[in-house]
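Q: I have just opened this one and would like to go through it slowly with you. Could we have it on screen first?

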Amino acid sequence: MRGSRVSPLSVAGWVGLAVLLVGAFIAALGALNQTVYGSSSFIERYLSAIANDDIAEAATTPGVALDDAELAALGLPANVSTAMLRTGVIESGPEDVTIMSDVARADGTHTVTASYRLADAIVQSSFDVRPIEPLYGVLNRWEFAVSPLAVIDVTAAHNPTFTVGSLTLDARALKSGDELAAFTQVTPYIAIAPAVYEFSYSSELLEAVPVTLQADASTRTAVTVDAQPTPAFVERVQFKVDDFLSKCAAQPVLQPAECPFGIEIDDRVTGEPEWSIISSPQVTLTPGESSFDMPPTEGVAHITVEVQSLFDGHYYTLDEDRPFTLALSATITPDDTIDIQLK
């Protein structure tokens with residue numbers, strides 16, 4: 001029985017098919033590396049994660065995290081706060097992303113320029129990325145050559161607590177010693193970028209007008225959360241002032257102890273002095289160096305007392321107003337009570 005012979009044409013056909021398949025595979029890989037696994041897609045995925053408030057994905061994108069050396073180069077401590085790297089913090093992320101250009105360089109790095117909308121602003125940013133170990137040895141992977149994270153220096157003025165998005169933070173969290181007592185706290189925070197943030201604060205006693213901040217990629221920016229006394233704060237201080245003056249007026253003496261008003265009389269006092277408050281100083285509070293302060297503010301007390309003249313012995317009633325001034329400082333204690341120091 002004769003052995004079968006393979007036609008040269010058949011072999012050529014199989015070889016040709018194999019070449020076509022290999023070529024198609026290589027072409028498919030090339031297409032994937034240019035699109036899904038390309039540097040532009042890497043940037044689009046990062047920006048999309050921010051827009052979707054998927055901060056965990058954005059923050060773990062290769063090249064985003066800052067190591068100790070990079071923090072030191074930025075003048076930041078190794079334990080700088082990353083509390084803002086979480087969902088629910090950003091006000092808005094990049095929308096309507098368009099890749100404007102993707103420039104490849106001889107060393108394999110790419111500069112990808114993207115245009116996008118941040119809130120009401122149209123922003124254009126360039127990101128430098130570089131290749132890292134390929135996926136399965138064939139599919140491109142990338143990392144940021146320069147981290148896109150932003151540093152936001154938050155000045156929590158007159159109150160250490162502030163709100164960003166749905167998160168409330170204490171600017172003293174990583175501080176110790178004398179820093180804890182500062183009336184105004186300045187603290188750096190690592191923040192995902194590009195993104196828009198809204199900072200504010202609101203409580204019964206203090207309120208800060210919301211401030212919107214645009215944090216661009218790889219930038220350092222600053223924001224001040226300026227806490228001011230609420231009407232409720234002023235009312236509570238006013239109540240304490242009125243109560244204090246009322247207790248002063250209840251003292252049946254010419255010089256009520258530790259009080260801002262009194263009188264000296266050269267004649268003989270024959271009756272018990274009676275004080276009353278005609279007008280109480282109206283409290284206004286403004287931030288000082290270490291407290292909320294009321295400047296010297298005028299009030300009027302009134303005294304009525306029976307007196308005998310030492311000159312001619314006649315009796316008369318001293319009945320007169322006595323203007324006075326009162327200044328004070330007010331601070332909020334950890335248990336949300338108000339401590340007042342009179343000046």
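Q: Let's start at Asp53: is it buried, exposed or partly exposed?
A: Asp53 is partly exposed, with a relative accessible area of 22%; the scale calls a residue buried under 20% relative accessible area, exposed over 50%, and partly exposed in between, using a 1.4 Å probe and protein chains only. Bear in mind that this is a predicted model, in which local features need pLDDT of at least 70 and side-chain atom pairs count only at pLDDT 80 or more, while totals for chains, interfaces and linings use all residues. Residues are numbered from 1 along each chain as its sequence is written, and side-chain values use heavy atoms, with hydrogens and water left out.

Q: Fine, and where does Asp53 sit?
A: Asp53 belongs to the loop that runs between H2 and helix H3 (55-59). Helices here are DSSP runs of H or I with at least four residues, strands are runs of E with at least two, and both are numbered from the N terminus.

Q: What about its phi angle, for Asp53?
A: Although Asp53 is not a glycine, its phi is positive, at about 60 degrees, and this residue comes just after H2.

Q: What end-to-end span should H2 have, and what does the model give?
A: Helix H2 covers residues 39-51, which is 13 residues, and at 1.5 Å a residue it should span 18 Å; the C-alpha atoms at its ends are 19 Å apart, which agrees. The expected span is taken as 1.5 Å times one less than the number of residues.

Q: Which residues of H2 are buried?
A: The buried residues of H2 include Ser39, Ser40 and Ser41 at its beginning, and also Phe42, Ile43, Tyr46, Leu47, Ala49 and Ile50.

Q: Let's switch to strands. In what order do the five strands of the open sheet come?
A: The order is E7-E6-E9-E10-E12, and the pairing is antiparallel. Strand E7 (167-170) and strand E12 (228-229) are the edges, since each of them pairs on one side only. Two strands are said to pair if DSSP finds at least two bridges between them.

Q: How many bridges join E9 to E10?
A: Seven bridges join strand E9 (residues 195-202) to strand E10 (residues 206-215), and the two run antiparallel. Tyr201 stands opposite Ala208 in E10, while Ser202 has Glu207 of E10 as its bridge partner. The connection from E9 to E10 is a hairpin through three residues.

Q: And on the other side, how does E6 pair with E9?
A: Strand E6 (residues 161-164) pairs with E9 in the antiparallel sense over two bridges, and Val164 has Phe199 in E9 as its bridge partner.

Q: Is E9 itself mostly enclosed or open?
A: Six of the eight residues of E9 are buried, so this strand is largely enclosed by the rest of the structure.

Q: Which peptide bond near there is cis?
A: The cis peptide bond joins Ala193 and Pro194, with omega at about 5 degrees. Pro194 is part of the loop between strand E8 (184-191) and E9.

Q: Back to odd phi angles: what does Ser218 show?
A: Ser218 is not a glycine either, yet it has a positive phi of about 60 degrees. Ser218 lies in the loop between E10 and strand E11 (220-226), where it is partly exposed at a relative accessible area of 42%.

Q: Now E1 and E2, how are those two connected?
A: E1 and E2 make a hairpin with five residues between them, and Gly108 in the turn has a positive phi of about 95 degrees. Strand E1 (residues 95-104) runs antiparallel to strand E2 (residues 110-118), with seven bridges joining them. One of the pairs is Asp102 with Val112 in E2.

Q: Last topic: where is Phe183?
A: Phe183 is in the loop between E7 and E8, where it is buried at a relative accessible area of 15%. Its C-alpha atom is separated by 9.5 Å from that of Thr331, although Phe183 and Thr331 are 148 residues apart along the chain.

Q: And Ala171, buried or exposed?
A: Ala171 counts as buried, at 1% relative accessibility, and its place too is in the loop between E7 and E8. The C-alpha atoms of Ala171 and Thr155 are separated by 8.3 Å, with their positions 16 residues apart along the chain counted as the distance apart.
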